[in-house]
Amino acid sequence: MALVNINLIQNSTTTINSGNFNSGDTINLGLVSNATLIVDGVTANITSFAGVSGVTSTTIDVINGANLTVTAQLSSVGAGSTFNYQIGAGSSLTINAAALNVDVLQTTIVDFANANGSGHFTYSPSTLLSLPLSSIPTIVNVQANDTVTVTGATSVTQSGNVVTFHGVGLLGLSTVSYTIPVGATYSTNAQGNTITFITPCFVRGTMIATPDGEVPVEFLKLGDLVLSLNNGAVPVTWLGSRTIDPKTVDKPRDELPVRIRAGAIADNVPQRDLLVSPDHCMFIQGSLVPAKLLINGTTITQEITLAPVDYYHVELEEHDVIWAEGAQTETYLDLGNKSAFLEPGVLQFTSPKAKQAKACYPLAYWGPAVDQARALLAEREIALGYITDKAKAS
C-alpha cells in the first residue's frame, strides 16, 4: 500500500476512483476551509489530515461500492470544524474514534440519505480513558437495510428514548448512547452491537373500516376516508408497502406476522383473524401495546412460514386509532424515516431537526398497561374454551 497525498481545493470537489487511485492505498488529506472529497468505488484509508490549523468544513462522499476507513489524527484541526460523511449505495464507512479528538467527533455527521438501504457505518469507540465515549458522531437518515455497528458492544438497553450500547471501550466497561425517536421499536442482534428498527404495519387483505364499509388495506388510496377513533372520518395522507421474505431475514420472529384470532380481545373483536407485524400496536384499555407482547400461544400466535409476507402502512394527518377487522389498532407513526419503511434491517437515528410525531395514546412496552392487556386476553382464552395451563406449558 502506498501513501497518497491529496490536497483539496478551496470550494471545489476532488474525486478519487479506479482511474487515479489504487484501491487499498492510504491517504494524507490536505484540508482547506471548505471542500468536498468523493471516494468513488475504491477502498481507501485516511490516515492523516494536513494543511489546516483552524476551522474547516469538509464533506466526504463514499459512493459506488467504496469502502473508506478514517483513522486520521486530527490534532491540528480547530474546534468547531465539521466533517459531513455521506454514504452512498453499497458503500461503507468506518470511523476509528481512538485517533480522533473530542471536538471534531462532536461535529461529525454520518448521513445515509443517498445509501438507498445498502450503506454500512462502523463506529469503533476509543479504548483510551482520555477520550469520553459521549463524544460520538451524529447519525442521520438511515434507511431500510442500512446497517450501523458499534464495535465491541455486547448488549443494548433502553431508557425513555435513549438506547445504550454496553461493553465497549476500555476493558468493556463503558457505554455509547444514542437518542432514538419517541415510540420507535427495535430488535437487537445476537452480538448486541446492532439494533434494527421495525415499522408497524398490516398484512395484505386486512379489512379497514371506512364510512362506506370495510376495504382491504391494499385497495386504499391517498385521500380515501377511513374511520378513526379520535377524529372521525379522515383522509389517508400516506400509504406504503413492503415485502418480507422469511428466508432472507436473520431473526424471523422479529418480522413474521402475529395472528390475533377472532374474538381474542372481546366478543367479535376482531371479527376475523387479524394479522399485523410484531411491533404493530393494538389499542387496549387506553394504551397502545405491541402485538408481540400479547402472544399467548392460543388466541394470539406467531406461526413460522417460508412464504413472503406483504405488509401495508396507513398514515393519517395525525397518529390515530382505526378499526382493522373490527379491532382498534394504531396507524403509521411518522418518526421522520419514511424512506426506511420498505424492509427490515434498519438502524435509525435521527437528527434533532427530524420530525418527531407524537403518539395519540401512551405506548406500553412493560408495566401495568401490558399486564392488564394480558389479563384481559387470558379471560378471553377461557371464554373461547382454551385451556390456558396447557397452552402455557406448550
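**Exercise 1. Find out how many disulfides the structure holds, and work out how C281 fits in.**

Step 1. Let's start with the total: searching the whole structure turns up zero disulfides, a disulfide being a pair of cysteine sulfur atoms within 2.5 Å.

Step 2. Now look at C281, which is in no disulfide; its nearest cysteine sulfur belongs to C360 and is 9.5 Å away. Going the other way, the closest cysteine sulfur to that of C360 is in C281, and 9.5 Å is too far for a bond.

Step 3. Check the surroundings. C281 has 1% relative accessibility, so it counts as buried, where buried means under 20% relative accessible area, exposed over 50% and partly exposed in between (1.4 Å probe, protein chains only). C360, at 24%, counts as partly exposed.

Before going on, keep in mind that this is a predicted model: local features need pLDDT of at least 70, side-chain atom pairs count only at pLDDT 80 or more, and totals for chains, interfaces and linings use all residues. Residues are numbered from 1 along each chain as its sequence is written, and side-chain values use heavy atoms, with hydrogens and water left out.

**Exercise 2. Count the aromatic pairs, then describe the one between F83 and Y85.**

Step 1. The whole-structure search gives six aromatic pairs. Rings of Phe, Tyr and Trp (its six-membered ring) pair if their centres lie within 6.5 Å; planes under 30 degrees apart count as stacked, over 60 as edge-to-face and the rest as tilted.

Step 2. One of the pairs joins F83 and Y85: the centres are 6.5 Å apart and the planes make an angle of 20°, so the pair is stacked.

Step 3. As for burial, F83 is buried at 2% relative accessibility, and Y85 is buried at 4%.

Step 4. Zoom out a little: ring pairs link F49, F83 and Y85 into a cluster.

**Exercise 3. Classify the pair of W238 and Y332, and place both residues in the fold.**

Step 1. With 4.7 Å centre to centre and 45° between the planes, W238 and Y332 form a tilted pair.

Step 2. W238 sits in strand β23 (residues 232-244), while Y332 is in the loop between β31 (327-330) and α2 (368-383), so the pair ties together parts 94 residues apart in sequence. Helices (H or I, at least four residues) and strands (E, at least two) are DSSP runs, numbered from the N terminus.

Step 3. Both partners are buried: W238 has a relative accessible area of 15%, and Y332 has 4%.

**Exercise 4. Trace the salt bridges around R259.**

Step 1. The count comes to 10 salt bridges, each being a side-chain nitrogen of Lys or Arg within 4 Å of a carboxyl oxygen of Asp or Glu.

Step 2. R259 bridges to D273, with the closest N and O atoms 3.2 Å apart. R259 is in strand β24 (residues 258-260) and D273 in the loop between β24 and β25 (274-276), 14 residues apart. D273 is partly exposed at 30% relative accessibility.

Step 3. R259 also meets E303 in a salt bridge, again at 3.2 Å, N to O. E303 lies in the loop between β28 (300-301) and β29 (309-316), 44 residues from R259. E303 is partly exposed, with a relative accessible area of 34%.

Step 4. Put it together: R259, R261, D273 and E303 are linked in a network of salt bridges.
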